Amino acid sequence: MAENRVVQGRMVTPTKLGEIIEGEDVMDADAIETADRECPRCGEDVLEVGYMPDITEYVTGWKCQECDWRETDRAE
Ligand SMILES: [Zn+2]
């Protein structure tokens, strides 16, 4: 289900949210979920989305709905 969500005042699709987290184009993304955590920077709600930056990689990413904070499950 491709449900759009509001992020920093803009409606975004799952693919667009993946692109915001990744910082570049992504191939595909799963539905956006509300993550069971709060933003460590501002305390607001965090969205979670699984996306494919390319055909061989699947990343779970998190993005605050209110500020620029974002994170992925990639090993740093
Ligand atoms: Zn935040």
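**Exercise 1. Find what joins β5 to β6, and how the two strands run.**

Step 1. β5 covers residues 45-54, and β6 covers residues 57-64. Strands here are DSSP runs of E, at least two residues long, and helices are runs of H or I, at least four long; both are numbered from the N terminus.
Step 2. A hairpin of 2 residues joins β5 to β6.
Step 3. The two strands run antiparallel, with 7 bridges between them. Two strands pair if DSSP finds at least two bridges between them.
Step 4. Check one bridge: Val 46 partners Cys 64 in β6.

This is a predicted model: local features need pLDDT of at least 70, side-chain atom pairs count only at pLDDT 80 or more, and totals for chains, interfaces and linings use all residues. Residues are numbered from 1 along each chain as its sequence is written.

**Exercise 2. Find the bridges that join β3 and β4 to β5.**

Step 1. Take β4, residues 33-38: 3 bridges pair it with β5, antiparallel. Glu 33 partners Glu 48.
Step 2. Look at the β4-β5 hairpin. It has 6 residues between the strands, and Gly 43 has a positive phi near 85 degrees.
Step 3. Take β3, residues 28-29: 2 bridges join it to β5, again antiparallel. Asp 28 partners Met 52.

**Exercise 3. Which residues of α1 are buried?**

Step 1. Apply the cut-off: buried means 20 or more other C-beta atoms within 10 Å of the residue's own, with C-beta atoms placed from the backbone.
Step 2. In α1, residues 14-22, Pro 14, Leu 17, Gly 18 and Ile 21 are buried.
Step 3. Look down the axis. The directions from the helix axis to the C-beta atoms of these residues fall within an arc of 100 degrees, so the buried residues line one face of α1.
Step 4. Move past the helix: Gly 23 follows α1, with a positive phi near 85 degrees.

How values were computed: A residue is buried if 20 or more other C-beta atoms lie within 10 Å of its own, exposed if 12 or fewer, and partly exposed in between; C-beta atoms are placed from the backbone.
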